[in-house]
Amino acid sequence: MSPDKPARRIRTLLDEAASLEPGVELRRLLDEALALSQELGDETWEYEVRLALVECADFTGDTDAELSNFAWCLAKHDADPKRFPRRQRYGHGDILWQFKWIVELLDGSSIFSLAQCEAMLDDLEAHYRAANLGLSAVVLSRFRHAWCCGDLEQAKTYRRQFLITPRDTYSDCEACTVSTLARFATEIGEQDQALKLVDEIYARELHCELEPELALSGTLLATLRAGRLPQARSAHMGAYRLCRHNPIYLSAIGFHLQFCAITGNEARGLAMLERHLPWLAHDALDESGQLDLLAAIGTVLEAVAEVGYADQRVRGADAPALIRFFGPHDGPWTVQELALAAWQGADRLATAFDQRNHNTFRSENLAKARAIRAEHYELPILTDVFVPTTATPTPPTTATSWLERAEVFYHGEAYLAAQEAALKALDCEDAETRVEGLGFLIHSLVRLGRTEQAKAWVPLWSAALTVTGRLEAAQSGRLIGAAGFLTNPEADQPHLAAELERLEPGPTRAAIAVTLAAALAHATTKPEDWPPIMALLEQAVTEAEARESTLATTLRALAQSRMMLARYREAIELCDRALKLKMGDGERALTLEVRGRALGGLGRWLEGARDSDEAMNIFSRYDAPVGVLGCARLSSYLYREAEHYVEEFRRLRTAQLAAEQAEISTVRIRYHMGVALLNGGHPEEAVEYLWGVLGELEAQSCPDERLAEVCEQLALGFELAEIWGGAVGMYARAAALWAATNPVASADLLHRQAGVLRFLDHTQEARASLIQALELLGNQDTGVEIVLLESLALVKADLGDPSALGDIDKARQLAESLNEPTTWQLAGLMESRGLVLVHEERWEEAVAVFLQAAQQYITAGDLGQAAKAEHFAAQMLVDPLEDREQAIQLWRQAFTHAETSLAGGAPAQDLRTSILVKLSETLDDLGRTSEAADLRGLLAP
């Protein structure tokens with residue numbers, strides 16, 4: 001191969017790499033480029049690639065790769081600076097900039113001696129002096145080294161020196177610098193200084209690749225201790241959202257776990273801990289981060305134990321990669337056990353660092369970390385809840401108990417477990433137990449797609465039926481073979497129908513009728529096809545009385561058929577009848593689930609949720625996760641319809657855990673968890689969930705429609721949480737994703753974006769969004785066009801654009817052209833017209849229009865909005881029209897309307913107060929102070 005081809009490929013790979021963020025894809029490209037450069041034997045290209053690898057490794061927490069590639073590059077640079085310059089030719093890597101990172105890496109691992117760390121610092125300074133560079137970066141590196149090694153007095157000295165050393169092109173960015181100083185101030189107890197620096201980050205909006213999340217994480221404790229609880233909450237939520245996807249933030253995650261432990265968020269802390277446990281083993285050399293995280297793990301687990309969950313299992317703690325941190329252990333770790341192991345692991349690392357640094361700095365810090373548990377700040381965050389754990393059932397020891405498990409596992413869709421349990425139930429002499437066990441075994445094999453194996457068991461099943469004296473059932477089993485188990489529903493229908501005709505009335509005929517009904521139901525989704533199916537089931541009910549279990553199954557199937565025709569009361573009555581019969585736990589769970597759905601169909605949401613919860617608990621007792629998942633989803637839906645969003649969230653959390661256990665994707669569940677939090681008034685928590693879902697969907701290259709759905713909810717979450725930049729960006733992104741397939745939805749999202757922009761006084765941008773929305777909408781939806789024109793008119797009025805009135809008049813004409821325009825809608829447009837006239841200083845016209853709007857609101861029955869329009873008009877009458885007497889009359893009328901609206905439950909308290917204040921002030925101006933005093937007495941205390 002010509003050497004030009006690998007060189008071109010390397011250049012292409014580096015060009016592609018330049019546009020990527022550090023991560024798996026970037027690493028893949030660079031690894032390919034490195035292999036090609038080595039194959040080519042061109043060390044110049046290899047140098048370029050390795051410098052890029054150092055950068056990538058630093059931002060993904062791969063210390064081994066970072067150190068090895070840097071050492072290779074530094075040796076080449078020192079040997080031949082011209083051939084291997086300090087800066088990359090085709091990228092942004094700079095070996096002397098990267099040198100600062102290497103010093104920190106050595107400091108953070110106890111395997112490197114103090115002498116090695118100090119030698120590296122001296123080498124850093126020598127290189128900077130040789131290159132005639134400023135020493136700001138060197139002084140900051142010496143400061144960080146002294147801090148990391150526990151020489152705090154020396155660190156303070158270097159801090160003073162750093163503050164007077166001029167900045168240069170190799171200085172850390174301002175965001176990193178201020179963050180470092182803030183975190184050090186927290187370390188040495190200078191809480192006020194730390195918070196002053198954090199305030200500077202906020203005020204100047206400082207940010208970079210790793211900031212402000214490191215600063216906000218590292219000063220959480222100082223923020224709490226200063227009593228700034230809302231700020232601490234926002235800092236935790238925002239910084240954790242940025243930290244949670246990159247193991248480089250190992251220490252930062254520790255700060256967030258500490259935060260959860262002392263703010264009453266133990267369930268959140270445990271969920272975060274389980275999410276980040278694998279990070280302990282991500283970077284073998286980051287022992288400083290491991291120490292911080294182990295201490296935080298101990299802290300949060302002690303808090304979890306204290307609130308009553310000491311015996312709960314910690315998922316993922318028994319991973320083989322974590323043995324070196326926690327030690328060997330038999331089976332899953334409990335909260336209490338892991339807390340002790342985490343502190344022991346932290347002690348070992350602290351001792352290793354102290355021996356390296358010749359002091360007790362790390363052990364003293366560990367003692368301080370333990371003491372943090374004594375602090376408490378009540379700051380609840382609803383992103384996680386403890387899911388009650390059910391006692392593990394006694395291991396089956398008899399064929400009967402194995403059969404019970406097989407029945408529940410089968411109905412809970414745990415077919416493999418059902419098969420295994422059914423096989424063990426066959427190990428007995430009782431013929432009836434063998435019949436039932438063989439039935440569940442064959443059913444389970446069919447559900448697993450192993451139809452040939454299922455058919456092979458049918459003769460044994462028929463033989464077992466014969467032994468019990470059920471000769472008709474045995475004969476049917478031989479005749480229809482596996483058809484009775486629906487291996488092929490459509491093909492099996494004729495066999496089942498023929499068998500039904502042959503049999504005399506009785507339990508066997510009832511069982512065949514139920515099976516045929518299931519086959520017919522499998523082949524249709526049309527309501528008109530259900531009467532003959534129901535007739536079969538009704539016939540089966542009359543013939544199944546001899547066997548309660550068959551009758552219970554038949555009643556439940558009949559209830560399900562009633563559900564298909566929305567005959568919910570009949571379905572409930574059938575379930576009630578079934579639940580009085582003797583049945584297995586699995587059948588009981590399914591019957592409760594059907595009744596829960598029927599109750600939901602009648603709008604009896606909470607009653608339905610209780611039934612669904614009971615079914616969920618049955619499956620949970622037997623550890624049947626798919627059954628738990630189905631019931632938890634149903635419960636969450638019923639609670640959502642009842643507007644009990646916290647309970648919805650709790651059931652979704654149960655569903656998430658069950659799905660994880662069953663190795664089923666949880667993305668959709670977590671999306672609904674985010675929406676539940678949003679509906680329940682927890683926007684910051686919602687953003688956290690939805691942000692994670694969006695990242696996963698992006699990685700899966702899912703359809704634009706699904707991304708748009710998540711972005712829309714994220715935008716709303718950002719808006720409600722007053723994270724305005726996020727709201728603007730997400731509304732824009734959601735609109736772009738919908739633009740091609742749903743222009744109406746896209747236009748609506750641009751309208752919502754414009755609302756945020758207008759609120760932020762970015763009026764020009766708001767106008768641009770609304771114009772774009774109108775262009776995108778075309779003539780597809782008159783209702784949306786009216787809303788857009790109204791908003792555009794108000795934005796134009798803000799800007800003094802004379803065309804505003806034309807837009808509002810066009811909107812009104814469109815509304816009047818609708819078949820049935822609502823009076824309320826016309827009143828709103830009239831009110832907006834008044835606001836436009838105010839901007840144009842056409843005061844008399846504005847007053848007249850506001851009064852027209854008020855009258856229309858009264859006609860529409862909205863006295864609160866009428867009072868608001870009258871309030872606007874009265875203010876115009878006072879200033880600039882100076883007609884106070886008419887204004888007073890109008891305000892009294894508005895006050896009456898506001899009072900009536902408030903009595904009806906409308907949120908009119910602020911409006912009532914504003915009217916009273918303005919009316920009182922105007923009466924004072926006219927010298928009617930007694931009247932004014934009486935009105936002020938009506939103000940709410």
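**A buried serine, two helix pairs and two cores**

The side chains of S136 and S171 are joined by a polar contact of 2.9 Å (a pair of N or O atoms within 3.5 Å; within protein, one must be able to donate a hydrogen and the other to accept it, and residues adjacent in sequence count only if both atoms are side-chain atoms). The model is a predicted one, with local features needing pLDDT of at least 70 and side-chain atom pairs counting only at pLDDT 80 or more, while totals for chains, interfaces and linings use all residues. Residues are numbered from 1 along each chain as its sequence is written, and side-chain values use heavy atoms, with hydrogens and water left out.

S136 sits in helix 7 (residues 136-148); helices here are DSSP runs of H or I, at least four residues, numbered from the N terminus. At a relative accessible area of 1%, S136 is buried (under 20% relative accessible area, with a 1.4 Å probe and protein chains only). Neighbours within four places in sequence aside, S136 is in contact (heavy atoms within 4.5 Å) with F162, T165, P166, R167, D168 and S171.

Now for the helix pairs. Helix 13 (residues 229-243) packs against helix 35 (residues 683-699) at about 5°, the axes lying 10 Å apart. Axes are lines fitted to C-alpha atoms over the stretch in contact, and angles run from 0 to 180 degrees between N-to-C directions. That makes helix 13 roughly parallel to helix 35 (angles under 35 degrees count as roughly parallel, over 145 as roughly antiparallel). Helix 13 brings R233, S234, M237, Y240 and R241 to the contact, and helix 35 brings E684, E685, V687, E688 and W691. By class, this contact has four nonpolar, one polar and five charged residues; Ala, Val, Leu, Ile, Met, Phe, Trp, Tyr, Cys and Pro count as nonpolar, Asp, Glu, Lys and Arg as charged, and the others, Gly among them, as polar.

Helix 18 (residues 335-357) and helix 19 (residues 361-371) have axes that come within 7 Å and cross at roughly 150°, so the two are roughly antiparallel to each other. Their contact has seven nonpolar, one polar and four charged residues.

As for the interior, the largest nonpolar core (buried Ala, Val, Leu, Ile, Met, Phe, Trp, Tyr and Cys residues joined through side-chain atoms within 4.5 Å) has 138 residues, and F619, F649, L788 and I915 have the most contacts inside it. Helix 40 (residues 782-799) gives the largest share of this core, nine residues. Apart from this core lies another, of 98 residues, including M120, L257, F259 and Y377.

Key:
Buried means under 20% relative accessible area, exposed over 50%, partly exposed in between (1.4 Å probe, protein chains only). Angles under 35 degrees count as roughly parallel, over 145 as roughly antiparallel, 65 to 115 as roughly perpendicular and the rest as oblique.
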